[in-house]
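I opened my notebook to look up a few things in a protein model, one entry at a time. Have the structure beside you and follow along.

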Amino acid sequence: MKPAMETAAEENTEQSQERKGCFECCIKCLGGVPYASLVATILCFSGVALFCGCGHVALAGTVAILEQHFSTNTSDHALLSEVIQLMQYVIYGIASFFFLYGIILLAEGFYTTSAVKELHGEFKTTACGRCISGMFVFLTYVLGVAWLGVFGFSAVPVFMFYNIWSTCEVIKSPQTNGTSGVEQICVDVRQYGIIPWNAFPGKICGSALENICNTNEFYMSYHLFIVACAGAGATVIALLIYMMATTYNFAVLKFKSREDCCTKF
């Protein structure tokens with residue numbers, strides 16, 4: 001009877017040690033995850049997806065509004081249509097590039113953590129590895145500055161659509177609704193430089209302008225441009241986090257490569 005009890009106790013002890021070993025292994029793996037790079041990757045993917053998807057649809061809606069209301073002659077906005085079409089192709093390239101770049105930076109973050117060292121033996125750096133890490137730092141800084149410009153540029157159509165929307169709200173207000181002064185409230189998109197000054201009609205006033213604001217194209221384009229601008233802002237934040245992570249990784253690889261340590265950022 002006693003040997004049976006001892007055997008059961010030994011089995012319970014082995015099971016508890018095995019569970020404890022699995023728990024410690026999980027904690028060790030979670031401790032080696034580059035959380036900053038992971039958060040930046042999720043934020044970057046989300047921001048780029050919002051910017052590219054919403055921006056693509058909003059640009060198509062903007063062309064439809066211009067063609068139907070502000071520039072009935074095709075030759076007047078032919079250059080703008082070509083530019084918008086080119087921007088839509090650029091959006092495809094941006095989405096593809098940042099999908100790959102985000103994965104590469106996330107992988108670089110994983111492979112410079114202590115988890116790699118503990119799983120694959122001693123952690124050693126080479127001149128090539130430090131050069132690649134430095135290249136990521138430089139490229140991330142360049143992309144961060146570039147996306148600041150993209151964020152500012154994406155606010156331009158939001159400002160334009162906001163001005164049109166606020167003018168429509170003035171027309172709908174009780175103070176001006178039903179009065180003769182409504183037809184004197186106008187919006188001239190030629191002043192924004194997106195169509196030439198000889199475009200016809202170029203300027204929409206009164207009830208016709210109110211009808212434009214009530215269309216689905218205007219409503220969708222306005223809100224999609226807002227979301228695209230927010231996506232560009234999220235991408236800027238993600239790149240700032242990437243800057244800190246890659247800079248920290250490069251500093252540790254460069255100055256502590258001969259010591260028994262590695263990054264956990």
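Which helices each supply at least two residues of the lining of the largest pocket? I looked this up first, keeping in mind that the model is predicted. My list reads helix 2, helix 3, helix 5 and helix 7, the last of these covering residues 216-255.

**Entry: the pocket**

I noted a volume of about 590 Å³ for the largest pocket. I counted 23 lining residues, and the closest to the pocket's centre are Leu-59, Met-87, Phe-153, Pro-157 and Phe-225. Then I sorted the lining by class and wrote down 20 nonpolar residues, three polar ones and no charged ones.

**Entry: the overall layout**

I stepped back to see the whole chain. I found seven helices and two strands in the protein. Reading from the N terminus, I wrote the order of elements as α-α-α-α-α-β-β-α-α. I also looked up how much of the protein is covered: of its 265 residues, 39% are buried.

**Entry: the cavity**

Next I went looking for closed spaces. Rolling a probe the size of a water molecule over the atoms shows where empty space is left. I found one cavity of 30 Å³ or more in the structure. The largest cavity holds about 70 Å³ of space.

Which helix gives the largest share of this cavity's lining? I found that helix 2 does, with four residues. Two helices, helix 2 (35-70) and helix 5 (127-172), each bring at least two residues to the lining. Among the lining residues I marked Thr-62, Phe-70, Met-160, Val-189 and Phe-218. By class, I recorded 10 nonpolar residues, one polar residue and no charged residues around the cavity.

**Entry: Ile-194 and its loop**

Ile-194 also appears in the cavity lining, and I wanted to know where it sits. I found Ile-194 in the loop between strand 1 (186-188) and strand 2 (203-205). Is Ile-194 buried or partly exposed? I wrote down partly exposed, because its relative accessibility is 25%, and the buried class needs under 20%. I then checked a partner from elsewhere in the chain: His-77 is 117 residues away along the chain from Ile-194, yet their C-alpha atoms are separated by 8.1 Å.

Pro-201 belongs to the loop between strand 1 and strand 2 as well. I noticed that the peptide bond joining Phe-200 and Pro-201 is cis, with omega at about 0°.

**Entry: the salt bridge**

How many salt bridges does a search of the whole structure find? I got one. It pairs the side chains of Arg-190 and Asp-188, at 2.9 Å from N to O. I looked up the cover on both partners, and Arg-190 and Asp-188 are each buried.

**Entry: Glu-183**

I found Glu-183 in the loop between helix 5 and strand 1. I filed Glu-183 as partly exposed, because its relative accessibility is 45%, and the exposed class needs over 50%. Its C-alpha atom lies 5.6 Å from that of Cys-205, although the two residues are 22 apart in sequence.

**Entry: a patch on the surface**

Last, I turned to the outside of the protein. I found a nonpolar surface patch of about 380 Å², made by Phe-99, Leu-100, Ile-103 and Ile-104. I picked Leu-100 to follow up, and placed it in helix 3, which covers residues 78-110. Why does Leu-100 count as exposed? I wrote that Leu-100 is exposed because its relative accessible area is 53%, and the cut-off is over 50%.

Key
Residues are numbered from 1 along each chain as its sequence is written. This is a predicted model: local features need pLDDT of at least 70, side-chain atom pairs count only at pLDDT 80 or more; totals for chains, interfaces and linings use all residues. Side-chain values use heavy atoms; hydrogens and water are left out. Patches are made of residues with over 30% relative accessible area and no salt bridge: like charges are joined within 9 Å, nonpolar side chains (Val, Leu, Ile, Met, Phe, Trp, Tyr) within 5 Å. Accessible areas come from the Shrake-Rupley method with a 1.4 Å probe; for residues, only the protein chains shown count as cover. A salt bridge is a side-chain nitrogen of Lys or Arg within 4 Å of a carboxyl oxygen of Asp or Glu. Buried means under 20% relative accessible area, exposed over 50%, partly exposed in between (1.4 Å probe, protein chains only). On a 1 Å grid over the protein atoms alone, a cavity is a set of points where a 1.4 Å probe fits but cannot get out, and a pocket is an open set with protein on both sides within 12 Å along at least five of seven lines; lining residues have an atom within 4 Å of a point. Grid points are joined across faces, edges and corners, and a volume is the space filled by probe spheres set on the points. Ala, Val, Leu, Ile, Met, Phe, Trp, Tyr, Cys and Pro count as nonpolar, Asp, Glu, Lys and Arg as charged, and the others, Gly among them, as polar.
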